[in-house]
Amino acid sequence: MRKLLLVLSLLSIQFVNAQEVKPWAAALKDLTKQEHDVIVNKGTERPYTGKHLNNKEKGVYTCKVCNTPLYKSDDKFNSNCGWPSFDDEIKGAIKHKKDADGRRTEILCAKCDAHLGHVFKGEGMTAKNTRHCVNSISLNFEKNETKEKVKEVAKKDKLSRAYFAGGCFWGVEYHLEAIKGVEDAISGYMGGSTKNPSYYDVIRKNTGHLETVEVVYDPKVVSYETLAKAFFEIHDPTQTNGQGPDIGSQYLSAIFVKSPEEKKTIQKLITILEDKGLKVATKIIDGDVFYKAEDNHQDYYENKGSKPYCHAYRKRF
Ligand SMILES: [Zn+2]
């Protein structure tokens with residue numbers, strides 16, 4: 001009896017381990033009865049009933065259980081057999097297995113063994129002479145559009161943001177946006193206490209905000225140091241009362257930092273400039289909330305078709 005218990009407990013441990021290495025185990029549990037009948041018990045859905053049969057949209061068909069891409073819409077064709085048909089598979093995604101009857105070839109998801117249907121050769125239906133006859137219920141469909149969106153979001157997640165105040169934001173935005181690796185530069189306000197300030201709040205009232213530009217950049221293409229150097233070169237960091245003709249506290253030179261590393265980088269650059277004899281007025285301020293300015297202040301020079309009057313490039317490093 002004790003031996004039997006030991007064997008049973010060992011078996012149950014193995015079972016738990018097997019479940020742990022299969023991340024789709026939970027998805028298997030969530031299958032509906034109809035899905036389970038086809039995917040696990042290798043049944044066949046009734047012909048002309050599947051939801052992907054007449055789908056002509058561009059995209060990828062993925063495994064219902066483990067989400068692995070299995071077929072491309074480009075390989076789908078109308079076979080008039082009542083089930084979605086493909087004359088090719090995504091390389092390595094499909095397992096081919098002789099059926100119990102010894103005649104047909106079963107197709108399964110190579111990753112999770114979900115039953116998909118059968119594959120037939122030599123029917124002459126397409127140039128590839130192959131027909132994967134697949135149950136709709138074994139597949140999900142992802143439109144190309146959503147894949148692109150996923151890529152877009154992933155790219156956005158990898159972007160970083162830097163904050164520079166150097167006078168009228170129109171000019172700072174114009175120059176920094178031109179740097180390779182900068183995806184966007186946005187004019188706004190930062191450093192003050194007023195929430196959601198308007199342009200006129202910042203001009204008239206004592207909000208404490210500085211006209212600031214948020215630079216959205218890809219750190220794989222351009223470094224924070226390169227951006228900061230450019231910032232010091234497109235404005236005069238020694239002016240203490242504003243920038244160029246724009247005088248006032250909202251036009252002061254400052255860099256809002258978000259990390260000790262950024263702070264160190266700026267301190268290093270300021271030391272280099274001071275060694276060259278510049279009396280740098282640029283303040284280093286811990287980054288706070290950035291408020292985007294009104295639409296008519298975005299891409300100001302680009303929309304006007306003119307060049308900034310208040311900022312020009314001057315080599316300093
Ligand atoms: Zn799968």
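This tour moves from the whole chain to the packing around one helix.

The model is predicted, so local features need pLDDT of at least 70 and side-chain atom pairs count only at pLDDT 80 or more, while totals for chains, interfaces and linings use all residues. Residues are numbered from 1 along each chain as its sequence is written.

Begin by colouring residues 30-146 as domain 1 and residues 158-304 as domain 2, following the domain assignment of the protein, whose bounds are automatic or taken from a database. The C-alpha centres of these two domains lie 55 Å apart.

Next select residues 24-144, which UniProt, in an unreviewed entry, lists as "domain: MsrB"; such annotations may be inferred rather than shown by experiment. The end C-alpha atoms of this span lie 23 Å apart, and 11% of the span is helix and 33% strand, where helices (H or I, at least four residues) and strands (E, at least two) are DSSP runs numbered from the N terminus.

Now select helix H7 (residues 224-234) together with helix H8 (residues 260-275), which pack at an angle of about 40° with their axes 10 Å apart; axes are lines fitted to C-alpha atoms, for helices over the stretch in contact, and angles run from 0 to 180 degrees between N-to-C directions. H7 and H8 are therefore oblique to each other, the term for angles that are not under 35 degrees (roughly parallel), over 145 (roughly antiparallel) or 65 to 115 (roughly perpendicular). Show Tyr224, Glu225, Ala228, Lys229 and Phe232 in H7, which meet Glu262, Thr265, Ile266, Leu269 and Leu273 in H8, a contact meaning C-beta atoms, placed from the backbone, within 7 Å. The residues of this contact divide into 6 nonpolar, 1 polar and 3 charged.

Keep H7 and add helix H5 (residues 169-177), which packs with H7 at an angle of about 135°, their axes 10 Å apart. That angle makes H5 oblique to H7. Here Val172, His175 and Leu176 in H5 meet Leu227, Ala230, Phe231 and Ile234 in H7.

Conventions: Contact = placed C-beta atoms within 7 Å. Nonpolar A, V, L, I, M, F, W, Y, C, P; charged D, E, K, R; others polar.
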